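Reader: I am new to this structure and should be grateful for a close look at a single part of it. Would you please take the salt bridges as the subject, and explain what each of them connects?

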Amino acid sequence: FSSTAITEISLPESLTTIGERAFARCRSLLSVELPSGLTKLGSGAFSECVSLGEIKIPDSLTVIEPETFSGCSSLATVSIGGGVKKIGESAFNACTSLTRITIPDGVTEISSFAFSDTKVTSVTLPDSVKKIGQYAFNGCTKLEQIRIPESVTSVGGYAFAKCSVLKEITWPGSIKKLPDSVCDNCNALETVVIEEGVTEIEKSAFSFCGKLKDIFLPVSVEKIGDFMILMSGNPTFHVYLDSYGEKYAKENNLPIQILLTPEQEAEKKRQEEARRIAEEKYAAELKAWEQNCGEIRTLREQRVSELLEEKRVALKNEAQSAYDAAVAAANKRKEAAQQKKSDAEMRLSALGIFKFAEKKAAKTAIEEATGEIQAAETALVTAKQTFDKDLASIPATINSRRYMVAREVEREYPLPTKPVK
């Protein structure tokens with residue numbers, strides 16, 4: 001029936017097989033109801049049925065063959081039966097009216113170009129999907145969100161290329177290798193999250209993504225191909241400390257935000273705690289050292305004061321002793337002169353009128369004794385002046401010795417070594 005003008009088809013429930021391109025290019029075909037027992041729907045069976053608006057695929061069908069509904073530009077509603085395991089190559093390619101698709105649990109493979117150039121806005125992939133072929137969702141210019149389950153282990157190149165309104169995508173760690181140009185020309189893409197387990201990102205994976213802001217790389221990534229973000233602005237790479245991602249970002253002079261693994265976070269907390277304990281210990285040691293130094297400095301000051309006071313007392317005692325000795329000598333001299341004068345006066349008074357020579361000698365003795373008395377009195381005055389001068393000079397002498405005494409005391413009472421931080 002290919003390339004006929006039929007508008008409706010009535011298929012019997014007994015029908016189990018529809019051959020390749022059986023109704024291809026039936027451009028006026030508006031609707032068809034597939035029998036519930038259908039087990040084989042050939043490649044391109046309804047391709048380019050541009051008026052077909054709805055299709056319900058029965059549970060009995062396990063494979064949607066390549067190009068089955070390719071080019072059905074009016075197809076807006078698709079219900080895929082729960083028995084389907086594989087959606088073939090280009091199965092819904094260029095179904096430009098298709099805006100939403102739900103992939104049932106049980107589907108394991110979405111082949112190349114399966115939904116390329118459709119207008120789907122969101123796609124729900126079940127946890128059964130293991131493989132997404134190349135170009136599977138290429139050119140889905142209305143695709144706003146896609147969740148890739150952890151069951152997926154293989155994705156083909158350009159699988160989500162030219163999804164021009166997609167803003168964010170997360171790649172699970174079950175996919176070991178992100179293929180060539182997997183999100184090429186995703187003009188609205190801002191955030192890419194690559195989870196732990198992914199080991200390689202092939203060339204041009206996110207090239208020509210002009211609004212790309214953030215890329216999160218796991219520790220597991222060990223290789224990144226050329227032109228990963230060619231013409232994709234200057235996104236920030238969120239990478240783990242000491243990882244290949246950090247090395248890559250630094251080598252390519254890319255903005256970088258360092259992340260920490262749980263182990264690194266635990267190590268950081270351990271180091272911070274050790275640093276806190278060390279700082280507290282150092283602070284306590286420093287406080288004790290400062291207190292000890294303060295006590296030693298006080299002791300030094302006291303010791304310097306004691307030694308200077310001892311010196312002051314010694315100097316005063318020396319001056320006092322010298323003064324006392326000078327006074328005693330002068331008084332002794334004075335007393336001896338006074339006695340000599342007294343004796344001479346007594347002799348003079350006892351001499352007769354004609355004892356001229358004796359009288360002259362006595363008078364001379366008196367004169368000499370008087371001179372001796374005056375000299376002794378002068379010596380007393382001089383001794384007092386010297387004593388006063390010695391006392392007045394003691395403070396200057398003490399001050400001149402203060403520095404030397406302080407150095408001696410410092411050697412006697414050294415400060416302890418300052419703790420090292």
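Author: What follows is an account of the salt bridges, with a short look at one strand and one pocket afterwards. The model is a predicted one. The count of salt bridges comes to 18, and three of them are described here in turn.

The side chains of arginine 25 and glutamate 48 form a salt bridge, with 3.9 Å from N to O. Arginine 25 belongs to the loop between strands E2 and E3, and glutamate 48 to the loop between E4 and E5, so this pair ties together parts that are 23 residues apart in sequence. Both partners are partly exposed: glutamate 48 has a relative accessible area of 30%, and arginine 25 one of 38%.

A further salt bridge joins the side chains of lysine 177 and glutamate 202, at 3.6 Å from N to O. Because lysine 177 is in strand E16 and glutamate 202 in the loop between strands E18 and E19, the contact ties together parts that are 25 residues apart in sequence. Glutamate 202 is partly exposed at 24% relative accessible area, as is lysine 177 at 41%.

The third example lies within one helix. Arginine 276 and glutamate 280 are both in helix H2, which covers residues 262-350, and they are four residues apart, about one turn of the helix. Their side chains meet at 2.5 Å, N to O. Arginine 276 is partly exposed, with 36% relative accessibility, and glutamate 280 is likewise partly exposed, with 45%. Elsewhere, salt bridges with shared partners link Lys177, Glu200, Glu202 and Lys223 into one network.

Strand E15, residues 168-171, offers a view of side chains on two faces. Ile169 and Trp171 point to one face and are buried, whereas Glu168 and Thr170 point to the other and are not buried. In a regular strand, side chains alternate between the two faces of the sheet. E15 pairs with strand E17, residues 191-194, in the parallel sense over four bridges. In that pairing, tryptophan 171 stands opposite isoleucine 194 of E17.

Finally, the largest pocket holds about 190 Å³ of space. Its lining includes Glu13, Ser31, Val32, Glu54, Ile55 and Lys56. Strands E3 and E5 each supply at least two residues of that lining, and E5 gives the largest share, three residues. By character, the lining residues divide into six nonpolar, two polar and four charged.

Conventions. Residues are numbered from 1 along each chain as its sequence is written. This is a predicted model: local features need pLDDT of at least 70, side-chain atom pairs count only at pLDDT 80 or more; totals for chains, interfaces and linings use all residues. Side-chain values use heavy atoms; hydrogens and water are left out. On a 1 Å grid over the protein atoms alone, a cavity is a set of points where a 1.4 Å probe fits but cannot get out, and a pocket is an open set with protein on both sides within 12 Å along at least five of seven lines; lining residues have an atom within 4 Å of a point. Grid points are joined across faces, edges and corners, and a volume is the space filled by probe spheres set on the points. Ala, Val, Leu, Ile, Met, Phe, Trp, Tyr, Cys and Pro count as nonpolar, Asp, Glu, Lys and Arg as charged, and the others, Gly among them, as polar. Buried means under 20% relative accessible area, exposed over 50%, partly exposed in between (1.4 Å probe, protein chains only). Two strands pair if DSSP finds at least two bridges between them. A salt bridge is a side-chain nitrogen of Lys or Arg within 4 Å of a carboxyl oxygen of Asp or Glu.
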